[in-house]
Amino acid sequence: MRPPSADFGERALVKEPIRKLDGRGGNGARPLRLVVAALILREGSAEAGTEVLVCQRRADQPMSLKWEFPGGKIEPGESAEQALTRELEEELGIAAEIGPRIAQVRHRYRNGAAIDLQFFTVRSYAGEIHNLIFNDIRWSPLTALPSFDFLAADVNLIRDLAEGKLL
């Protein structure tokens, strides 16, 4: 008896195994997450110049102990500015006045997660900043930002801020 592939010439038919669909298109790709972050700015000393608030993730979070700017996911029905206002209240206990968007980044992490990240300036807010969720928060001169171990999605922005290209 000839193998079934012989009926089609020398070409063998290869059947792919049946895969369970994961509800995300079946190819394992994750949906794009829409995220916002704040560059909360203040004038530092004459030597330091403008400073920005940086926040360190907790050890029990994904990408633990990496540094980032405060912010988070945009929920359905929210504008980017509304989401950032909500996130800053939840994370730092402040009522921020959201300034202009200064950068937008799309990044895909090694694990396949993809984000669309918008950065807004915040130069004014009501209330006192309290660390409500982070391992650590610090004011940093813009020029010192490259010394922190930031999330991969932030690296190009960090370089541009440190070089004085954005503010």
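Which residues of helix α2 (residues 155-162) are buried? In this predicted model, they are Leu157, Ile158, Asp160, Leu161 and Ala162. An α-helix has 3.6 residues a turn, so residues three or four places apart point the same way. The cover over the buried residues of α2 includes three strands: β2 (32-43), β6 (95-108) and β7 (114-126). Just after α2, glycine 164 has a positive phi of about 75°.

Strand β7 also takes part in the aromatic contacts, through phenylalanine 119. The structure holds 4 aromatic pairs, and two of them are set out below.

| Aromatic pair | Centre to centre | Angle between the planes | Geometry |
|---|---|---|---|
| Phenylalanine 69 and phenylalanine 119 | 6.2 Å | 90° | edge-to-face |
| Phenylalanine 148 and phenylalanine 150 | 6.2 Å | 75° | edge-to-face |

The pair of phenylalanine 69 and phenylalanine 119 links distant parts of the chain, with the two positions 50 residues apart. Phenylalanine 69 sits in the loop between β4 (67-68) and β5 (71-73), while phenylalanine 119 belongs to strand β7. Phenylalanine 69 counts as buried because its relative accessible area is 3%, under the 20% cut-off. Phenylalanine 119, with a relative accessible area of 0%, is buried as well.

In the other tabulated pair, phenylalanine 148 and phenylalanine 150 are both buried.

Ring pairs join Trp67, Phe69, Phe119, Phe148 and Phe150 into a cluster.

Key
Residues are numbered from 1 along each chain as its sequence is written. This is a predicted model: local features need pLDDT of at least 70, side-chain atom pairs count only at pLDDT 80 or more; totals for chains, interfaces and linings use all residues. Side-chain values use heavy atoms; hydrogens and water are left out. Buried means under 20% relative accessible area, exposed over 50%, partly exposed in between (1.4 Å probe, protein chains only). Helices (H or I, at least four residues) and strands (E, at least two) are DSSP runs, numbered from the N terminus. Contact means heavy atoms within 4.5 Å. Rings of Phe, Tyr and Trp (its six-membered ring) pair if their centres lie within 6.5 Å; planes under 30 degrees apart count as stacked, over 60 as edge-to-face and the rest as tilted.
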